[in-house]
Structure formats: C-alpha cells, structure tokens
Amino acid sequence: MTLKFGLALPYNKVRAVPDWAQQAEAAGWHGCFLGDAIWCEDPMIALTAAALRTSHIRLGTMITPAPLRHPWKIASESVALDRLSDGRLILGLGAGAVWMGWHAFPDVPTDSKSRAALLDETIDILTRLYQRQPFDYDGQHFHLKLTALDEMHYPPPPVQQPRIPLWVPGLWPRPKSMARVLKGDGLLVEKVDEDGRPAAATPNDVREMKAYVDANRTLGTPFDIVMNGSVKDLAPAAQQETLLAWQDAGVTWWIEALWGASDAVVDEVVRRGPPQLG
C-alpha cells in the first residue's frame with residue numbers, strides 16, 4: 001500500500017490553519033491534522049475553516065480527548081464537519097493527555113481506568129449515532145434512550161458510512177489498549193516499556209501490531225496504521241530509508257509532527273510537499 005503523508009499542525013494557530021491546509025493540498029500532502037487539549041483553540045472550528053478552503057485533502061484530529069466531551073457533542077460537531085467537507089474528516093479519539101494541564105480542572109476525571117472506560121463508551125456510542133438508527137445504551141458513564149426520541153429530531157448521517165473513520169491510539173504491547181484498537185478504523189502507533197513509560201516504537205513493533213490486528217479484527221472496513229514523527233531535517237537518502245522501513249512494516253500514514261514548530265518552519269515544510277519515495 002502506498003504511504004500517505006499528513007501534517008500535524010501547531011496548536012492555537014486557527015488563523016493560519018486554513019492557509020496552511022490550502023497550501024498543503026496544492027503541494028500534494030494527503031492530510032492536515034490538529035491536536036486537541038483541555039483548553040485550546042478548538043480544532044473542529046479551525047478544521048471547518050480549512051474545509052471551506054480545500055476540496056480533497058483529508059482533515060482530522062490527533063487526538064480528540066474523549067473524557068472531555070459528551071459523545072453526542074462529538075457526533076454533532078463531526079457530522080457537521082464531515083458533511084461540510086464532503087466526507088473528508090478523520091476523527092482521532094483517545095483517553096487524553098493528562099499532563100497537558102488537566103490538573104487545573106479538578107472536575108475532570110484523570111485516573112486511567114475512568115478515562116479508558118469513557119473512551120470505550122464514546123467509540124461505541126459514536127458508531128451507533130453515525131448510523132442514524134434508534135438504539136438504547138446503558139453504560140457505566142453514559143446512558144441513551146434514542147428509542148424514545150422521534151426520528152424527526154435526528155440530525156442527518158455523515159457522508160462517510162458506516163461511520164466517520166476513527167483512529168485510536170494503540171499502546172504496544174498492552175492487551176486492553178490493543179483490543180480497543182480493533183473497534184476503530186486506524187491505529188495510532190505508541191509503545192510503552194516494561195515499566196509503563198513511553199518508548200520509541202520500531203518497525204518490528206509495527207509488524208507485530210499489524211499481525212495482531214490482522215488476526216483479531218473482525219470489522220470489514222479499511223484500516224490504517226498511523227505513525228507520527230519527524231523526518232523533515234533528514235537528508236533525502238536517510239529520509240527515504242526511514243520512511244520505506246515504516247511502509248514495509250505496514251504503516252499507511254506518516255504524519256510529520258509540527259506541533260511546536262514556528263510559522264516559518266511550517267511554511268517551509270508545507271511548501272516543500274510530501275517526501276518522495278522511490
């Protein structure tokens with residue numbers, strides 16, 4: 001499968017995002033992605049502005065922290081953006097990065113068990129809401145009785161069916177995290193060591209993750225393996241060697257990380273266009 005290339009644009013640059021997305025589309029990039037946080041310029045609003053300035057580049061979040069949003073709010077915003085962009089949205093969903101200021105908002109759950117449960121229920125509910133069918137849901141955190149709601153009040157479904165693609169972080173080799181990935185449409189590659197600390201994933205790790213997904217996923221929808229990193233400063237030969245190794249391992253999207261880059265650096269990378277693989 002041919003590797004696709006996306007850009008992870010900096011936080012809190014809502015006025016620049018539409019221009020960058022338009023330039024990225026013209027330069028041949030395949031996607032533009034925005035981070036989300038407990039307190040930041042809303043990525044859905046920024047991506048909406050980008051959707052109005054582009055026609056075919058994919059737009060998405062990396063990632064929307066599920067514990068900070070009600071699933072029906074995520075559904076409402078994402079359906080609107082998917083329809084506005086004519087089916088170009090990819091929704092990254094995760095349990096959230098607590099270290100990004102969550103301590104300043106003590107009403108928000110920060111323990112890993114609660115956040116994981118909120119993420120699981122959000123995936124389940126979004127999948128059903130996107131199908132615009134009556135259903136009831138009785139979870140630990142969320143409860144819905146759509147069978148009691150007249151369908152005249154339902155919003156339209158997203159353009160993409162059976163749902164907007166959901167990309168979910170997979171912490172290799174944690175079983176519960178990898179099992180959650182099977183419910184989604186894409187795996188955001190992450191790894192932890194024996195002590196639970198973040199570690200650098202390798203192409204061999206990705207091969208093992210892909211083998212796990214291939215052996216256990218029962219959904220018939222397409223599935224992506226997504227790697228987030230930076231090759232912008234590598235020499236062309238080293239850049240190609242690095243990216244081909246990830247592609248050979250099964251990665252389908254390379255997201256060039258520009259989270260903290262200056263405007264000048266983002267401008268340069270966007271205009272340069274995606275790496276060319278021989």
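Modeller: Before we look at this predicted model, one definition is needed: a crossing of two helices is left-handed if the near helix is turned anticlockwise from the far one by less than a right angle, and right-handed if clockwise.

Colleague: With that in mind, is the crossing of α3 and α4 left-handed or right-handed?

Modeller: The two helices concerned are α3, which covers residues 71–84, and α4, which covers residues 112–129. By the definition just given, the crossing of α3 and α4 is right-handed.

Colleague: Are α3 and α4 roughly parallel, roughly perpendicular or oblique to each other?

Modeller: Helix α3 and helix α4 pack with their axes 9 Å apart and at an angle of about 45°. Angles under 35 degrees count as roughly parallel and those from 65 to 115 as roughly perpendicular, and therefore α3 and α4 are oblique.

Colleague: How many charged residues has the contact of α3 with α4?

Modeller: On the α3 side the contact is made by Pro71, Trp72, Ile74 and Ala75, and on the α4 side by Thr122, Ile125, Leu126 and Leu129. Sorted by class, these comprise seven nonpolar residues and one polar residue, while the number of charged residues is none.

Colleague: Turning to the strands, through which helix does the chain cross from β7 to β8?

Modeller: Strand β7, residues 166–172, pairs with strand β8, residues 186–191, in the parallel sense over six bridges, and Pro169 has Leu188 in β8 as its bridge partner. The β-α-β crossover from β7 to β8 is right-handed, and the helix it passes through, at residues 175–181, is α5.

Technical notes
Residues numbered from 1 in each chain as written. Predicted model: local features only at pLDDT ≥ 70, side-chain atom pairs only at ≥ 80, totals over all residues. Heavy atoms only, no water. Pairing = 2+ DSSP bridges. Helix = DSSP H or I, 4+ residues; strand = E, 2+ residues; numbered from the N terminus. Right-handed = clockwise from strand over helix to strand, strands pointing away. Axes fitted to C-alpha atoms, helices over the stretch in contact; angles between N-to-C directions. Parallel < 35°, antiparallel > 145°, perpendicular 65-115°, else oblique. Contact = heavy atoms within 4.5 Å. Nonpolar A, V, L, I, M, F, W, Y, C, P; charged D, E, K, R; others polar.
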